[in-house]
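Here are my notes from going through this one, in the order I'd look at things on screen. Have the structure open as you read.

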Amino acid sequence: MKIYGGLLAVLAALFNGTVGLFSVNLFQLGLSSEAVAFYKCLIALMTLGVWAVLTGQLGVLGRYLREFWPRIAVCAFFGFFVLYYFETAAYQHINVAVVVFCLFGASTIATFLLNAALARRWINKHELVAMLLSLGGLYLVFVETQQLSGQESSGLLLAVVAGLGYACFLVLTKKLGLGGGLIPVAALLLFGVIYLSIPLALSGWSVPSSDSLFALLMLAILPTIGGFWCTTKSLTLIESQSVQLIELTEPIFALIIGFVFLGQLVSGPQMLGGGLIMAAIVIHEFAILDRLDRLWARSKRGYS
């Protein structure tokens, strides 16, 4: 079950790695960040609504909403409004790879701290090392952006806020027991669309052109439905810290996508930062420090 949960988290990372690519294309077509965040969720909700009708799951969705709507409202606020609104806005200011690194670096640290705080315990050694390595990876990305202008620096802040929102979503979805599958995703999307309609209305309603429909559809299907389905499902199988760490493979997918399709180059420090994040995943998930302690104890007994 743990392996299956890990594979789902990797698949979520792959789906989520497409967000930057399609978002940048939509910005080039003239859509605002508010419009992109709203319409991709609206299309995803409409898609799942059709699915629910065709499969006879509409009643199940209604009962789920009646039972869990307060919890769904809270999780959707962090997982759809805070994450999508601030993440999409960040793509308008800074490089796709930098957004992803900042978002997930902040999310990783916040996820560990929130879990420890809610459990009323101290951070253990594996979590501490994973956090430090993730901070190191995030720092290397910030080193590359020390000379950013004020507008681009605001993009970094937007990405970090989005990461904090995602951390709250992961921890609360696990703690509140929302479950996994398309029904929870549809319920979360319903509240997400309501939340995201507010900034779009304040900025001025705009209707996407026919040229933007394909990119919006891909955003709705891949990261919004596919990514959140994999994430919520994996949260029913493994801990939220593990989901977050494994989803840190997303920067690798985002770097590849950004390089291949957008021509965005990745520097040496950014690559090293990605390596540190991968090391954090390995150390935490495979309890490397405990294994080293056991090897050290055996070696000491061998010499005695």
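**Notes on the model**

1. Let's start with the core. This is a predicted model, and its largest nonpolar core holds 84 residues, of which Ile72, Phe80, Leu188 and Leu189 touch the most other members. Helix α4, covering residues 58–90, gives the most to this core, with 15 residues. Leu189 is a good place to zoom in: leaving out residues up to four places away in sequence, leucine 189 touches Cys41, Ala44, Leu45, Leu48, Phe80 and Thr224. Phe80 is thus a partner of Leu189, and both are on the list of residues that touch the most other core members.

2. Now zoom out to the overall fold. The protein chain has 13 helices and zero strands. Of its 304 residues, 52% are buried. Contacts with a sequence separation of 6 or more are mostly long-range here, with 89% of them linking residues 24 or more positions apart. As for the outside, the accessible surface comes to about 13,700 Å², and carbon and sulfur atoms account for 70% of that.

3. Staying with α4, have a look at tyrosine 85, which is found in that helix. With residues up to four places away in sequence set aside, tyrosine 85 touches Glu34, Ala37, Phe80, Leu196 and Pro199. Proline 199 sits 114 residues from tyrosine 85 along the chain, yet their C-alpha atoms are separated by 8.5 Å. Phe80 turns up again in this contact list, having already appeared among the contacts of Leu189.

4. How many of the ten residues of helix α2 are buried? Eight of the ten are, so this helix (residues 19–28) is largely enclosed by the rest of the structure. The buried ones are Val19, Gly20, Leu21, Phe22, Ser23, Val24, Leu26 and Phe27. Just after α2, check the backbone at glycine 30, where phi is positive at about 100°.

5. Serine 212 ties in with that same region. Serine 212 lies in the loop between α8 (182–203) and α9 (213–235), and among its contacts beyond four places in sequence are Leu26, Leu29 and Leu31. Of these, Leu26 is one of the buried residues of α2. With a relative accessible area of 1%, serine 212 counts as buried. A polar atom of the serine 212 side chain lies 2.7 Å from the backbone oxygen of serine 209.

6. Another serine worth a click is serine 240, in helix α10 (residues 240–246). Serine 240 is buried, at 0% relative accessible area. The side chain of serine 240 makes a polar contact of 2.8 Å with that of asparagine 115. Setting aside neighbours within four places in sequence, the residues in contact with serine 240 are Thr111, Asn115, Leu170, Val171, Lys174 and Leu235.

7. For a link between distant parts of the sequence, go to tyrosine 4 in helix α1 (residues 2–16). Tyrosine 4 and serine 234 are 230 residues apart in sequence, but 7.7 Å apart in space, C-alpha to C-alpha. Beyond four places in sequence, tyrosine 4 touches Trp229 and Leu237. At 41% relative accessibility, tyrosine 4 is partly exposed.

8. On charges, the count comes to one salt bridge. Side chains of opposite charge can pair when their charged atoms come close. The pair here is glutamate 127 and arginine 121, with the closest N and O atoms 3.0 Å apart. Which of the partners is buried, and which partly exposed? Glutamate 127 is buried, with a relative accessible area of 2%, whereas arginine 121 is partly exposed at 33%.

9. Last, a surface feature. Leu128, Leu132 and Leu135 form a nonpolar patch with about 260 Å² of accessible area together. Leucine 128 lies in helix α6 (residues 125–143) and is partly exposed, at 43% relative accessibility. An α-helix has 3.6 residues a turn, so residues three or four places apart point the same way. Keep that in mind when you view the patch formed by Leu128, Leu132 and Leu135.

Technical notes: Residues are numbered from 1 along each chain as its sequence is written. This is a predicted model: local features need pLDDT of at least 70, side-chain atom pairs count only at pLDDT 80 or more; totals for chains, interfaces and linings use all residues. Side-chain values use heavy atoms; hydrogens and water are left out. A nonpolar core is a set of buried Ala, Val, Leu, Ile, Met, Phe, Trp, Tyr and Cys residues joined through side-chain atoms within 4.5 Å. Buried means under 20% relative accessible area, exposed over 50%, partly exposed in between (1.4 Å probe, protein chains only). Helices (H or I, at least four residues) and strands (E, at least two) are DSSP runs, numbered from the N terminus. Contact means heavy atoms within 4.5 Å. Patches are made of residues with over 30% relative accessible area and no salt bridge: like charges are joined within 9 Å, nonpolar side chains (Val, Leu, Ile, Met, Phe, Trp, Tyr) within 5 Å. Accessible areas come from the Shrake-Rupley method with a 1.4 Å probe; for residues, only the protein chains shown count as cover. A salt bridge is a side-chain nitrogen of Lys or Arg within 4 Å of a carboxyl oxygen of Asp or Glu. A polar contact is a pair of N or O atoms within 3.5 Å; within protein, one must be able to donate a hydrogen and the other to accept it, and residues adjacent in sequence count only if both atoms are side-chain atoms.
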